[in-house]
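Me: Could you take a close look at one part of this model with me? I'd like a connected walk through a single residue and its surroundings.

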Amino acid sequence: MGVRFIKISVCYFVIGVCFGMYMSMTEKFTFTPVHVHVNLLGWTAMTLAGLIYVAFPRATETALAKIHFWIHNIALPVMMIGLALLVSGVSAAGPAVAIGGTAMVLGVIIFAINILVNVRN
């Protein structure tokens with residue numbers, strides 16, 4: 001699971017950097033919240049989770065790790081697409097942000113439980 005987290009985090013990194021480049025080139029910074037969240041939750045958080053899972057294989061081998069992976073990778077696109085629509089003026093996208101954000105928090109809690117239970121000296 002650790003390698004999967006690291007590999008998909010690179011995809012989010014490319015997406016986040018492309019958002020940043022687009023905003024710089026057009027000088028329109030409407031998507032700043034999307035850019036920031038993709039880089040933080042996609043690139044940074046997933047890379048760190050992947051490195052933790054590589055360093056602590058016991059946590060990697062759990063169902064919690066798999067659940068964390070899938071929740072994170074479903075919640076983030078739902079939340080980011082919703083947020084992109086929301087900041088573009090589509091107020092009906094609010095529930096997508098709320099659903100994706102709630103699922104993301106659930107995924108982070110599952111990750112935390114997995115680490116607290118399965119990472120030992």
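In which helix is the place of Asn-118?

Reply: Happy to help! Please keep in mind that this is a predicted model. Asn-118 sits in helix α5, which covers residues 94-118.

Let's begin with the residue itself. Asn-118 has a relative accessibility of 12%, and because buried means under 20%, Asn-118 counts as buried. Setting aside neighbours within four places in sequence, Asn-118 touches Arg-58, Ala-59 and Thr-62. There is also a link to Asn-114: the two side chains are joined by a polar contact of 2.7 Å. For a sense of distance, Gly-101 lies 17 residues from Asn-118 in sequence, and their C-alpha atoms are 26 Å apart in space.

Asn-114 leads us on to the helix packing, as this residue is one of those through which α5 contacts helix α2. Helix α2 spans residues 32-55, and its axis comes within 12 Å of that of α5, with a crossing angle of roughly 20°. Since angles under 35 degrees count as roughly parallel, α2 is roughly parallel to α5. The crossing of the two helices is left-handed.

Who makes the contact? On the α2 side, the residues are Leu-41, Ala-49, Ile-52 and Tyr-53, while α5 brings Met-104, Phe-111, Asn-114 and Ile-115. By type, seven residues of this contact are nonpolar, one is polar and none is charged. Asn-114, then, takes part in the contact with α2 and also has a side-chain polar contact with Asn-118.

Key:
Residues are numbered from 1 along each chain as its sequence is written. This is a predicted model: local features need pLDDT of at least 70, side-chain atom pairs count only at pLDDT 80 or more; totals for chains, interfaces and linings use all residues. Side-chain values use heavy atoms; hydrogens and water are left out. Axes are lines fitted to C-alpha atoms, for helices over the stretch in contact, and angles run from 0 to 180 degrees between N-to-C directions. Helices (H or I, at least four residues) and strands (E, at least two) are DSSP runs, numbered from the N terminus. Angles under 35 degrees count as roughly parallel, over 145 as roughly antiparallel, 65 to 115 as roughly perpendicular and the rest as oblique. A crossing is left-handed if the near helix is turned anticlockwise from the far one by less than a right angle, and right-handed if clockwise. Contact means heavy atoms within 4.5 Å. Ala, Val, Leu, Ile, Met, Phe, Trp, Tyr, Cys and Pro count as nonpolar, Asp, Glu, Lys and Arg as charged, and the others, Gly among them, as polar. Buried means under 20% relative accessible area, exposed over 50%, partly exposed in between (1.4 Å probe, protein chains only). A polar contact is a pair of N or O atoms within 3.5 Å; within protein, one must be able to donate a hydrogen and the other to accept it, and residues adjacent in sequence count only if both atoms are side-chain atoms.
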